[in-house]
Structure formats: structure tokens, C-alpha cells
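These are my notes from a first pass through the structure shown below. I went from the whole chain to single residues.

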Amino acid sequence: MSLQMVTVGNNLALIQPGFSLMTFDGQVFFFGQKGWPKRSCPTGVFHFDIKHNNLKLKPTAFSKDSCYLPPLRYPATCTFKGSSESEKHQYIIHGGKTPNNELSDKIYVMSVLCKNSKKVTFRCTEKDLVGDVPEARYGHSIDVVYSRGRSIGVLFGGRSYIPSTQRTTEKWNSVADCLPHVFLVDFEFGCSTSYILPELQDGLSFHVSIARNDTIYILGGHSLANNIRPANLYRIRVDLPLGSPAVNCTVLPGGISVSSAILTQTNKDEFVIVGGYQLENQKRMVCNIVSFEDNKIEIREMETPDWTPDIKHSKTWFGSNMGNGAIFLGIPGDNKQALSEAFYFYIVKCAEDDLNEDQKTLTNSQTSTEDPGDSTPFEDSEEFCFSAEANSFDGDDEFDTYNEDDEEDESETGYWITCCPTCDVDINTWVPFYSTELNKPAMIYCSHGDGHWVHAQCMDLAERTLIHLSEGSNKYYCKEHVEIARALQTPKRVLPLKKPPLKSLHKKGSGKILTPAKKSFLRRLFD
């Protein structure tokens, strides 16, 4: 194993604990920063490009028929193979924290619509669920299993806020373990079914999950109710006959006590576990190899990389799987120095491969949000979990790096634009207006012409209206263009005048018989 330091060339502030990485055709995309995304990337999804140990984030776009995808932190994600060619590689996103620390219970499906040398365009759709719908949560896992030619999602674990009836001002953000139920989610029909397995007695979160064919392995995790990290190793097998699915769970020996570990796949039957925590405020510096042979799982310790003193002495760390046996790892910066970076980043290589740096396959993970300057013990409620499938997606398409010089100066543009004649948003005096705003004003996209961004507050939008427009795909027109947009609308169809028959005209007349000339005149008059 080897360790290399990585410098972040741009958008360093976006990489915060809780982000996720998604891999499409061998290229990695970053998702989940706090707050509203930059104007240059309204989707909040960036190409995660590492070349020569330098990381740059390149903005992406969503198709017009996509739904709104909030910048979720700590969601559960997994890859999913659809039936059609365009859906051969999709990502399922469930749960997570929104920018204002609310929890999401929605399921999103992301796929690549098109890509070129300048930008990648995604399509994002929201899936509605019926049946036993999982409650909003974070720190859980979602995986896809395949049985008898069918596939289904398996959701397990996580944490949620305590019920509203028990929440007080002092304990408003208190969380509790979700019930240890296993949910089977049919992504095609939107059906969800909950299963209670006697082997799963306690709620778990920030565990590691590995999906192989019709089986999911659950390793480690943290129980908030008991404040323990039991050495769990569960095998959950799902059978998908034509009738009702069959789910069974087996407790296996040889588990490990760890939470918030990072998982990466080194070959078809081998994974590596790095990082995590073994106690409340103690990092787990040991690395493990997880190997599969003849449907048997084996976990053993392996040689660790040469950790730097900064990594050894840091109280927290977070990271994500980069694919091909590599891990993206972050630690808090030295806050004692005035010019210190918020975080330092490294690449941990667990296996050597024949691919060059531009062909690395990356995947997703989540992170910790503990303040680096806080001396309090690390809280598992801010840990992360990672779920992986035993399938990798390789690609060798070249992708241009992000050029920061192409970006406009945000002191004059971006959020701090003059969006209308009455715009009074000032970078020096701006204060949050909506509950979803953290440190930048909310913006809405006007669809007139080539489109442009306007401040939601300047448009006098109610927050309810802002959220409605953000979540849907409806076109919005600002005050300056709403009248123009109305003029462009197709006029309503006007029903033709009803023509009275000539006989009725004769009856209503003076009793005289109409001459042919008068009849012709009346026809021209009413026609």
C-alpha cells in the first residue's frame, strides 16, 4: 500500500465531510457539498478529475426533463443496471441530509444522458414508493441484488431524527437508530416491502455492505442505543421467485468492530477496508482484506500504508472509494495556522494496476462533519458508510480537465449579480432570507430566451413557491419576462358563432317570403 498527497486546484471549499463520489464509464463525479451550488454548476455535481496528484472539479449539467436534486450529504448510493442500453449504468440515491439539515426520504435515479469534451449531461428522476416506505434517514446502505434474472434493492440501517412528539428545542436535532428492518425496493414498479429478521436485533448505522449476486454482507457498524461497535458479520440472502421474495439472514463468525470504514475493490473477489473508528474517539489504523471463494467470506489484516504524522495525530478522517484499489482520504487541516487549509487530502493505493492516472475508476463514499478544532470525542452520528457492489466499471475515455480561468469572477458575477433593475443583493450586506440558505442567496432560473439566473428574494418568491419550482421541471419567468412569456402563449381557441338556420329567420321576420337576392345577402352577412 502507498500514500500520496493530493492538492485541490479549485473549489476546495466544496469538499466537505458527507460528500459522495459516483462513477460513470470510468469517470468520477463529485456530489453533496453544503449549501447552494455555484452558479457555474447549478446541479451541484462536478467531474472529479485527478491528474498528476492535482484535483480539479469540472461542472456538469442536467437535462431539461430532470427533477431537482438537492446537494445531499450522507446518502446511501449504489449502482444499478437497467434493462435498456441507455440505463445500463445508473446510480440509486436514497436519503441523506439537505442543506438545512433536514433528512430526505426520496429516491433518485441518475444516469448519463450525453457527454463531450466540455461537459457531461445527466438525467435525474425521482422515484415514488408505495407500500412500506422507509423513513427519512442517513448513515444507511442500499444495494442491488440479482436473483433468477430479476433485481431488487435492499435498504438497511441508518439514523433518523427522533419523532416530532419527542423533539424539544434543546433536543431538536437528536437522532436515534432506525429499526433493524430490511426493505426490499422494486425500482421498476416503485414498491417497497419491509422484513423483520430475528437475527437483526439492534439498529446499525455507518456499517460496510458488500453485494454479490443474491447476497449482501453487512460488516461492523455502530449502535447508537448501546453505544457499541459490535463485531458483526451478517449474510442476508434474497431469493426472487415469481411469487413473493424470500429473505433470510445468517450470523457469521469472523466479523470486525469498526464504523465509518471505507471500502474499495481490488479484484473480482477481493475488497480492502481502510479507516473508520474502533472507539468513540479512536481511529482504526488497521486495514483488512475481504476475500470471497466458493460463497465463503474471509477477513484478514493486511499491511498498512506508511501513515504520515498528520494522519496519525488527527482525531478525525473521512474518505471515499476511488476504484481500482484506491481511496480518496481527507483529514482536518492545522487550524492553529492562520493560512491553514480546512482539509488535507491523500490517495491511498491498496493495489497496483496497469491503468494510468487518467483511467482510474472511482466510486462513492461519505464522511465526518466534526469540527477539526473541537476537542470533543467523535460522534458516530456524523460518520459515514459506504456500500459497494462486486462489479466495477472501467473506461478509457479521455476527459478534459477543468480550467479555472474559464470561470468568471464571483465577486462580480455568480450569486452576487444584479439580476433585475430592482436587485438589492449586496455581498457585504446580504443575510439569509430562506431557511434553505446557508451562506449564499437562493437563485431561480428564468427560462426566457437562453435563460438567466435571478435571485429568488428579488423576485418576491415565497419559500414554498421556491421549493416547488426547484423540485419540478416547470418553466419559470422572472418579472421582466413574464409578460413576454404570456404573449408567446398560444391563444385560447374561440368557438365559432352559431349560425341560425334560414327557416328561423323567415319565422322571425315580417311574414314576407324572402326573395333569392335577400337570402344571398343574409348568407354573406352571417358567413
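Entry on Thr215. I began with one residue and looked up its side-chain partners. The model is predicted, and in it the side chain of Thr215 makes a polar contact of 3.0 Å with the side chain of Asp214. A second polar contact, of 3.3 Å, links the side chains of Thr215 and Arg237. I then placed the residue: Thr215 belongs to strand 19, which covers residues 215–219. Is Thr215 buried or exposed? Its relative accessibility is 4%, and because buried means under 20%, Thr215 counts as buried. Leaving out residues up to four places away in sequence, I found that Thr215 touches Val145, Ile210, Arg235, Ile236 and Arg237. Arg237 is thus on the list of touching residues and also a polar partner through its side chain.

Entry on confidence. I checked how far the model can be read. The average pLDDT of the protein is 79, and 76% of the residues score at least 70. Residues 354–413 have a pLDDT below 50, yet this stretch has 215 contacts in the model beyond near neighbours in sequence. I note those contacts with the low score beside them.

Entry on the whole protein. I looked up the totals next. The protein has 527 residues, of which 51% count as buried. I listed five helices and 33 strands. Among contacts with a separation of 6 or more, 59% are between residues 24 or more positions apart. The exposed area is about 26,200 Å², and carbon and sulfur atoms supply 49% of it.

Entry on a four-strand sheet. In which order do the strands of the open sheet of four strands run? The order is 22-23-26-27, and the pairing is antiparallel. Strand 22 (262–267) and strand 27 (296–302) are the edge strands, each pairing on one side only. On average, neighbouring strands of this sheet are turned by 25 degrees against each other, direction ignored. I followed one pair further: strand 26, residues 287–293, is joined to strand 27 by seven bridges. Within the pair, Ser291 stands opposite Glu298 of strand 27.

Entry on a hairpin. Last, I looked at strand 32 (residues 443–446) and strand 33 (residues 452–455), which run antiparallel and are joined by four bridges. Cys446 has His452 of strand 33 as its bridge partner. Five residues lie between the strands of this hairpin, and Gly449 takes a positive phi near 65 degrees.

Definitions and conventions. Residues numbered from 1 in each chain as written. Predicted model: local features only at pLDDT ≥ 70, side-chain atom pairs only at ≥ 80, totals over all residues. Heavy atoms only, no water. pLDDT = per-residue confidence, 0-100. Contact = heavy atoms within 4.5 Å. Helix = DSSP H or I, 4+ residues; strand = E, 2+ residues; numbered from the N terminus. Buried < 20%, exposed > 50% of the residue type's maximum accessible area, 1.4 Å probe, protein only. Polar contact = N/O pair within 3.5 Å; in protein donor to acceptor, adjacent residues only side chain to side chain. Pairing = 2+ DSSP bridges. Areas by Shrake-Rupley, 256 points an atom, 1.4 Å probe, with all protein chains shown as cover. Axes fitted to C-alpha atoms, helices over the stretch in contact; angles between N-to-C directions.
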